[in-house]
Amino acid sequence: MPPPFAPGALFLAPMVALSHRALRELVLEFGGLDIAYSEMASAGAVVSGSPYEECYLDSDPCPGKLVYQLYATKPERLPEALAYLADRPVFGADINFGCAAPHITKAGGGAAWMREPEKAFALIRTARAAWDKVLSAKIRLGHDEDYERLADFVRGMAEAGLDYVALHPRFEGQKFRRQGRWDIVARLAAEMPLPIVGNGDIRGWPDYRKRIEEARPAGLMIGREAARRPWIFALLRGREASEDFSMEVDLRATALRMLELIESRLIPEFRLTRAQRFFFYYADNFAYAHYIKWKLMNSPDLDAMRKELEAYFEEQPSDRIRRYSE
Ligand SMILES: Cc1cc2nc3c(=O)[nH]c(=O)nc-3n(C[C@H](O)[C@H](O)[C@H](O)COP(=O)(O)O)c2cc1C
């Protein structure tokens, strides 16, 4: 099955409190991004009209590149939510089969669906009937290592009507400390009847090249590095075009731009938590990362964060402009 996106497309991963409109806009200002996932929204809450869900599902500034990620704990809620969203001019919708957070899996959502394949296939079939745009699922490897079971699951999802699968190759509940299993991405990408998008641990050009060459996924999805370095997509595309490519980034201007985007695009209740989540990763670019992280995490509001950042760059002017080549 050909992918419904350009071969080798670059995706922004769905991440709670990170994959919102402000981050998407910042990434798009640097360029290189093909498709962006939203923050995860609850199908049940979409149906009941929760105001927060509308913030997660804000599709600006690039609806045609946006995938709504939804999780469902009750099967009937997903087609209802998709029918409710059917007129939105987005690229696609994704079913979350990977989230291992206990409050989601205990209620039967996220990774819990992978333990009951027939129910998961039935869910996809009803979602397919309610949604005529692109439909994907984001999965993990399942609860333990069993390649044939995983392959059967992916084949079943293809038959049920999915257009592609995004795979984060860790087992259910496995933390980031252990390396993801890109050997399994490679095998599925070669053997499955539908496109496999690979995701996990892409920190820059060397990882990107290795994963593209060894696993040959239909596309590549990046999560945490997009918050750490929102220019990562532009950098990868630049390096693809030329070995000598490098980018000069104004770390101060980018930080202040993100605060401005958070203030102007997100509702007040979301601003501080989203800014803290972003700077938790972004501060890794700074020479005194722990120091500034601590200051920002303990700031009471965005104005205080702005002052901390200004003070930091006053003291560390050499941190302001950085050149990145990988
Ligand atoms: C803060 C955070 C929130 C996440 N939230 C979601 C989510 O809502 N849905 C989902 O499918 N995956 C979620 N993930 C997993 C990411 O989409 C991605 O699979 C994972 O971070 C591995 O990619 P990376 O190494 O490029 O970060 C989240 C990850 C992080 C770090």
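Where is P61 found? P61 lies in the loop between α3 and β3. I begin there since this loop carries one of two backbone features that I wish to present today, before turning to the ligand, the pocket and the cavities. Please bear in mind throughout that this is a predicted model.

First, then, the backbone. D60 and P61 are joined by a cis peptide bond, with omega at about 0°. The other feature concerns A17, which is not a glycine and yet has a positive phi of about 65°. A17 belongs to the loop between β1, residues 9-12, and α1, residues 21-30. As a general matter, most peptide bonds are trans, and most residues other than glycine have a negative phi.

I now turn to the ligand. Which residues come nearest to it? There are 18 residues around the ligand, and P14, N199, D201, G223 and R224 are the ones that come nearest. By class, this shell consists of eight nonpolar, six polar and four charged residues.

Several polar contacts can be named individually. A polar backbone atom of V16 is 3.0 Å from a nitrogen atom of the ligand. The side chain of N96 has an N or O atom at 3.3 Å from a nitrogen atom of the ligand. G223, already named among the nearest residues, places a backbone N or O atom 2.8 Å from an oxygen atom of the ligand. On its own, the ligand has 610 Å² of accessible area, and the protein covers 90% of this.

Where does the ligand sit? It occupies the largest pocket, whose volume is about 1100 Å³. In total, 41 residues line this pocket, and P14, M15, V16, R140 and F176 lie nearest its centre. P14 therefore deserves a second mention, as a residue listed among those nearest to the ligand by the definition of a heavy atom within 4 Å.

Which elements each supply at least two residues of the pocket lining? Among the strands, they are β2 (35-42), β3 (66-71) and β8 (219-222). Among the helices, they are α3 (51-56), α5 (102-105), α10 (224-228) and α13 (268-282). Readers will recall α3 and β3 as the elements on either side of the loop that holds P61. The lining of the largest pocket divides into 18 nonpolar, 11 polar and 12 charged residues.

Finally, the cavities. How many cavities of 30 Å³ or more does the structure hold? There are two. The largest cavity has a volume of about 50 Å³, and its lining is formed by M114, L141, G142, D146, R149, L150 and F153. Those lining residues comprise four nonpolar, one polar and two charged.

The second largest cavity encloses about 30 Å³ of space. L141, D144, E145, D146, Y147, L150, F171 and I184 line this second cavity. Here the classes are five nonpolar and three charged residues, with no polar residue. L141, D146 and L150 appear in the linings of both cavities.

To close, I return to the ligand: it sits in the largest pocket, with 90% of its accessible area covered by the protein.

Note on methods:
Residues numbered from 1 in each chain as written. Predicted model: local features only at pLDDT ≥ 70, side-chain atom pairs only at ≥ 80, totals over all residues. Heavy atoms only, no water. Polar contact = N/O pair within 3.5 Å; in protein donor to acceptor, adjacent residues only side chain to side chain. Areas by Shrake-Rupley, 256 points an atom, 1.4 Å probe, with all protein chains shown as cover. 1 Å grid on protein atoms, 1.4 Å probe; cavity = no way out; pocket = protein on both sides within 12 Å on 5 of 7 lines; lining within 4 Å. Sits in = over half its atoms within 2 Å of the grid points. Nonpolar A, V, L, I, M, F, W, Y, C, P; charged D, E, K, R; others polar. Points joined across faces, edges and corners; volume = space filled by probe spheres on them. Helix = DSSP H or I, 4+ residues; strand = E, 2+ residues; numbered from the N terminus.
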